[in-house]
Every structure is written in C-alpha cells, then in structure tokens.
Amino acid sequence: MRRLELVAPLLLITLVAFALPITVHGDEGAASESGSIVGNVYCDKDKNGVCDCEEGGIKDVQVKIFAEHCGGTALQAVSTDEKGNFAFESFEPGTYYVLVDLVYVCGGRVPTTRNCRQVTLTAGEIVTLPAFGYSEFGQ
C-alpha cells in the first residue's frame with residue numbers, strides 16, 4: 001500500500017511538468033537579428049575614386065541613414081571619427097540608404113565617389129561600404 005502512495009504523487013508531478021509551456025531563451029527574434037553598416041570618408045588626394053593607403057580619413061563629417069531614399073528625415077546621423085570611420089549599429093534587416101551630408105564636408109571638397117549608397121542588410125550582418133571619397137580643399 002505504501003508503494004502506491006509514492007507512485008501517485010510522482011505521476012502527478014510528471015503530468016504537470018509536461019503540461020507546462022517550455023521557453024527557450026536566446027532564440028527570440030533570431031529571424032530579425034539586428035546588423036550594422038560601417039564605412040569611411042577619406043580625402044581622395046589623386047581624385048581617382050579609390051581609397052589608397054596613404055590617403056587619410058576626414059574627421060567630423062556627418063553621415064546619415066535613411067529608410068526609403070537619400071533625403072527626407074534621417075533615421076540616424078553620426079559623425080566620422082579621427083580616421084574617417086563611421087558606424088550605424090543595431091539596425092533591423094532591410095534596405096537602407098547611407099548619405100554623406102555635403103554640408104559637413106567643408107569648403108571646396110568635391111565628391112570623387114557617389115555620396116549616397118543603397119545597402120541591403122540581412123540578419124546579424126555587418127556591411128562594410130566602399131569608402132566615400134572627397135578631393136582636397138579647393139581642388
């Protein structure tokens with residue numbers, strides 16, 4: 001009789017345990033995992049549209065990211081660091097447009113590459129854009 005008393009509570013605990021929902025942590029939003037877009041703005045001394053090793057980045061240039069086209073209301077704006085690098089982090093998968101704001105590329109600089117780029121970002125991806133080139137002051 002004692003043996004039957006022990007089996008009944010174990011059976012009840014087993015049934016309750018299997019009836020409870022199971023939550024797996026770490027997979028939430030895996031399909032929509034955010035990604036990043038990084039790039040550089042540089043001084044294209046030879047004006048050939050190719051970033052050469054000796055050509056340095058341009059500091060404090062404003063770069064903007066848009067959802068639909070280059071223009072309108074930006075989702076975010078960042079400034080380049082001392083080496084001309086910038087990053088847009090934690091963006092959902094999708095198509096974005098990255099624009100170097102020419103107002104912030106001071107006095108006399110002329111683009112030697114396109115200043116707007118379309119980017120398709122997938123889940124968890126880090127996209128490195130081709131560098132944005134600008135001629136030296138007054139050239």
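**Entry 1: F132 and the aromatic rings**

I began with F132, and in this predicted model I found F132 buried, at a relative accessible area of 0%. From there I turned to the ring pairs, of which the structure holds four. In one of these pairs the ring centres of F86 and F132 lie 6.2 Å apart and the planes stand at 45°, so I entered the pair as tilted. Since F86 belongs to strand β4 and F132 to strand β8, the pair ties together parts that are 46 residues apart in sequence. I then looked up the accessibility of the partner and noted that F86 is buried as well, with a relative accessible area of 4%.

The next pair I wrote down was F91 with Y96, which is edge-to-face, with 5.3 Å from centre to centre and 80° between the planes. For F91 I recorded a relative accessible area of 10%, which puts this residue among the buried ones, and for Y96 the value is 9%, again buried. When I followed the ring pairs onward, they linked F86, F88, F91, Y96 and F132 into a cluster.

I also checked for a charge over a ring, and found that R117 lies over the face of F132, at 4.2 Å from the ring centre.

**Entry 2: the chain as a whole**

I stepped back to the overall layout, where the secondary structure comes to one helix and eight strands, and where the order from the N terminus is α-β-β-β-β-β-β-β-β. Of the 139 residues in the chain, 30% are buried. The exposed area is about 8900 Å², and carbon and sulfur atoms supply 58% of it. I also looked at how far apart in sequence the contacting residues are: among contacts with a separation of 6 or more, 61% join residues 24 or more positions apart.

**Entry 3: the largest nonpolar core**

Which residues have the most contacts inside the largest nonpolar core? I listed I37, V41, F86, F88 and V98, in a core that has 20 residues. I then asked where the core draws its residues from, and found that β1 (35–43), β2 (62–66), β4 (85–91), β5 (94–100), β6 (116–121) and β8 (132–134) each supply at least two of them.

I took I37 as a probe of these surroundings and set aside its neighbours within four places in sequence; what remained in contact with I37 was I65, F86, A87, F88, Y96, V98, V119, L121, V127 and L129. One of these partners, L121, I followed further, and I placed L121 in strand β6. At a relative accessible area of 2%, L121 is buried. The C-alpha atoms of L121 and I37 are separated by 7.9 Å, although the two residues are 84 residues apart along the chain. Leaving out residues up to four places away in sequence, I noted that L121 touches G35, S36, I37, F91, E92, P93, G94, Y96 and V127, a list that includes both F91 and Y96 of the edge-to-face pair in my first entry.

**Entry 4: the salt bridge**

How many salt bridges does the structure hold? My count came to one, and I traced it to the side chains of K64 and D101, which meet at 3.2 Å, N to O. K64 lies in strand β2 and D101 in the loop between β5 and β6, so the pair ties together parts that are 37 residues apart in sequence. I then asked whether the two partners were buried or exposed, and the results were as follows: K64 counts as partly exposed at 22% relative accessibility, while D101 is buried at 12%. The cut-off for buried is under 20% relative accessible area, so I would keep the value for K64 beside its label.

**Entry 5: positive phi**

Finally I went through the backbone angles, bearing in mind that most residues other than glycine have a negative phi. K47 has a positive phi of about 55° although it is not a glycine, and I located K47 in the loop between β1 and β2. At 43% relative accessibility, K47 counts as partly exposed. S90 is another non-glycine residue with a positive value, its phi being near 65°. I placed S90 in strand β4, and, at 58% relative accessibility, S90 counts as exposed. I closed the notebook here with both residues marked for inspection in the structure.

Note on methods: Residues are numbered from 1 along each chain as its sequence is written. This is a predicted model: local features need pLDDT of at least 70, side-chain atom pairs count only at pLDDT 80 or more; totals for chains, interfaces and linings use all residues. Side-chain values use heavy atoms; hydrogens and water are left out. Helices (H or I, at least four residues) and strands (E, at least two) are DSSP runs, numbered from the N terminus. Buried means under 20% relative accessible area, exposed over 50%, partly exposed in between (1.4 Å probe, protein chains only). Contact means heavy atoms within 4.5 Å. Accessible areas come from the Shrake-Rupley method with a 1.4 Å probe; for residues, only the protein chains shown count as cover. A nonpolar core is a set of buried Ala, Val, Leu, Ile, Met, Phe, Trp, Tyr and Cys residues joined through side-chain atoms within 4.5 Å. A salt bridge is a side-chain nitrogen of Lys or Arg within 4 Å of a carboxyl oxygen of Asp or Glu. Rings of Phe, Tyr and Trp (its six-membered ring) pair if their centres lie within 6.5 Å; planes under 30 degrees apart count as stacked, over 60 as edge-to-face and the rest as tilted. A charge sits over a ring if NZ of Lys or CZ of Arg is within 6 Å of the ring centre and within 35 degrees of the ring normal.
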